[in-house]
Amino acid sequence: EPSYPQELNYEATLDELYRRQDALGKEISIAMAKALELSDVHFFVDKTGGDSFSTIRLLRYPGYDESSWTAANSNSGDHSWTYYDDDDQTGIAPHTDFELFTVMHWDSPGLEILTRDTQSWIKPHTTFESDSSDNPVFLIICGDCLERFTNGLVRATPHRVLQTPHDRMSIIRFHALDPSAIVEPLPQFGSPKYSPVTMEKHMRTTMRNIADGIPSWNT
């Protein structure tokens, strides 16, 4: 079990972060239900109880050193090299998140998202005033579950992380549902294009596909 200097108050800080992120996730879920004009604004909230698969990850992406990087060590266990593709510039290959939505915060460039209209990769920080810790930026992207609930009206956001010469830090909140929650197209969004699935089965299927080298957004 890892230990940390007592003066950092690490556990208490993370517990408070989880609490605040839970509260933020609830408000975002209600806002999404309202935007989709659902009759029950707590539709998503009611599917995210204390047993949900929601998680937070504190990630460090080490700076890219071409002299020491090889395909052999790219899967060494650090999250920044967990996935890679044939593009030499990519640290984490394109994928979508299997949860309802994801809240992202970062301290330097590297993240890119795929636009729906032009199918081109853009750096989301160019949309905002700044991409530094002095002027924090939060980005909310849609996950697979939201796409399934809306029968494809709202699409999950493909994204990737480029290799960068600088270290990069990010805090990621994956807002998921309870394991037994049924994810299926709601009737107001037309004839179903997706079959019903539980949150747990969808998560395990996606993780198995990723382990097999199948990008989640291509399945």
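Which residues are linked with E16 in a network of salt bridges? They are R19 and R20, which join E16 in that network. Keep in mind that what you're looking at is a predicted model. A search of the whole structure turns up eight salt bridges, and the protein chain around them holds three helices and ten strands.

**The chain as a whole**

- Starting at the N terminus, the order of elements is α-β-β-β-β-β-β-α-β-β-β-β-α.
- The protein chain has 219 residues, and 44% of them count as buried.
- Take the contacts between residues at least 6 apart in sequence: 71% of these join residues at least 24 apart.
- Accessible surface for the protein chain adds up to about 12,400 Å², with carbon and sulfur atoms accounting for 51% of that.

**Helix α1 and what sits against it**

- Helix α1 covers residues 10-35. With 26 residues, α1 runs 37 Å from its first C-alpha to its last, close to the 38 Å you'd expect at 1.5 Å a residue.
- The buried residues of α1 are Q21, G25, I28, S29, I30, M32 and A33.
- Those buried residues have plenty of partners: they pack against the strands β1 (55-61), β3, β6 (138-142) and β8 (168-175), and against helix α2.
- Just past the end of α1, E37 takes a positive phi of about 60°.
- Y10 belongs to α1 and is partly exposed, at a relative accessible area of 30%.
- Y10 also teams up with L8 and L58 in a nonpolar surface patch, and together the three have about 260 Å² of accessible area.

**Helix α3**

- Helix α3 takes in residues 199-211, 13 residues that should span 18 Å at 1.5 Å a residue; the C-alpha atoms at its ends are indeed 18 Å apart.
- Which residues of α3 are buried? The list is M199, H202, M203, T206, N209 and I210. They cover an arc of only 130° around the axis, so they end up on the same side of α3.
- The general helix geometry is worth recalling here: an α-helix has 3.6 residues a turn, so residues three or four places apart point the same way.
- Turn to the other side of α3 and you find K201 and A211 exposed.
- As for packing, the buried residues of α3 sit against α2 (144-149), β9 (182-183) and β10 (197-198).
- Just after α3 comes G213, with a positive phi of about 85°.

**Salt bridges, one by one**

- R173 and D22 meet through their side chains in a salt bridge, at 2.9 Å from N to O. R173 is in strand β8 and D22 in helix α1, so this pair ties together parts that lie 151 residues apart in sequence.
- Are the two partners buried or partly exposed? R173 counts as buried because its relative accessibility is 2%, under the 20% cut-off. D22 is partly exposed, with a relative accessible area of 40%.
- R155 and E147 form another side-chain salt bridge, this one at 3.6 Å from N to O. R155 counts as partly exposed at 43% relative accessibility, whereas E147 counts as buried at 13%.
- Within helix α3, E200 and R204 are four residues apart, about one turn of the helix. Their side chains meet in a salt bridge at 2.9 Å, N to O.
- Both E200 and R204 are partly exposed, with relative accessible areas of 30% for E200 and 48% for R204.

**A strand residue to look at**

- H105 sits in strand β3, which covers residues 101-106.
- H105 counts as buried because its 19% relative accessibility falls under the 20% cut-off.
- How many residues along the chain separate H105 from I172? The answer is 67, yet the C-alpha atoms of H105 and I172 are separated by 6.4 Å.

Note on methods
Residues numbered from 1 in each chain as written. Predicted model: local features only at pLDDT ≥ 70, side-chain atom pairs only at ≥ 80, totals over all residues. Heavy atoms only, no water. Helix = DSSP H or I, 4+ residues; strand = E, 2+ residues; numbered from the N terminus. Expected span 1.5 Å × (residues − 1). Buried < 20%, exposed > 50% of the residue type's maximum accessible area, 1.4 Å probe, protein only. Arc of directions from axis to C-beta. Contact = heavy atoms within 4.5 Å. Areas by Shrake-Rupley, 256 points an atom, 1.4 Å probe, with all protein chains shown as cover. Patch = residues over 30% accessible without salt bridge, like charges linked within 9 Å, V, L, I, M, F, W, Y side chains within 5 Å. Salt bridge = Lys/Arg side-chain N within 4 Å of Asp/Glu carboxyl O.
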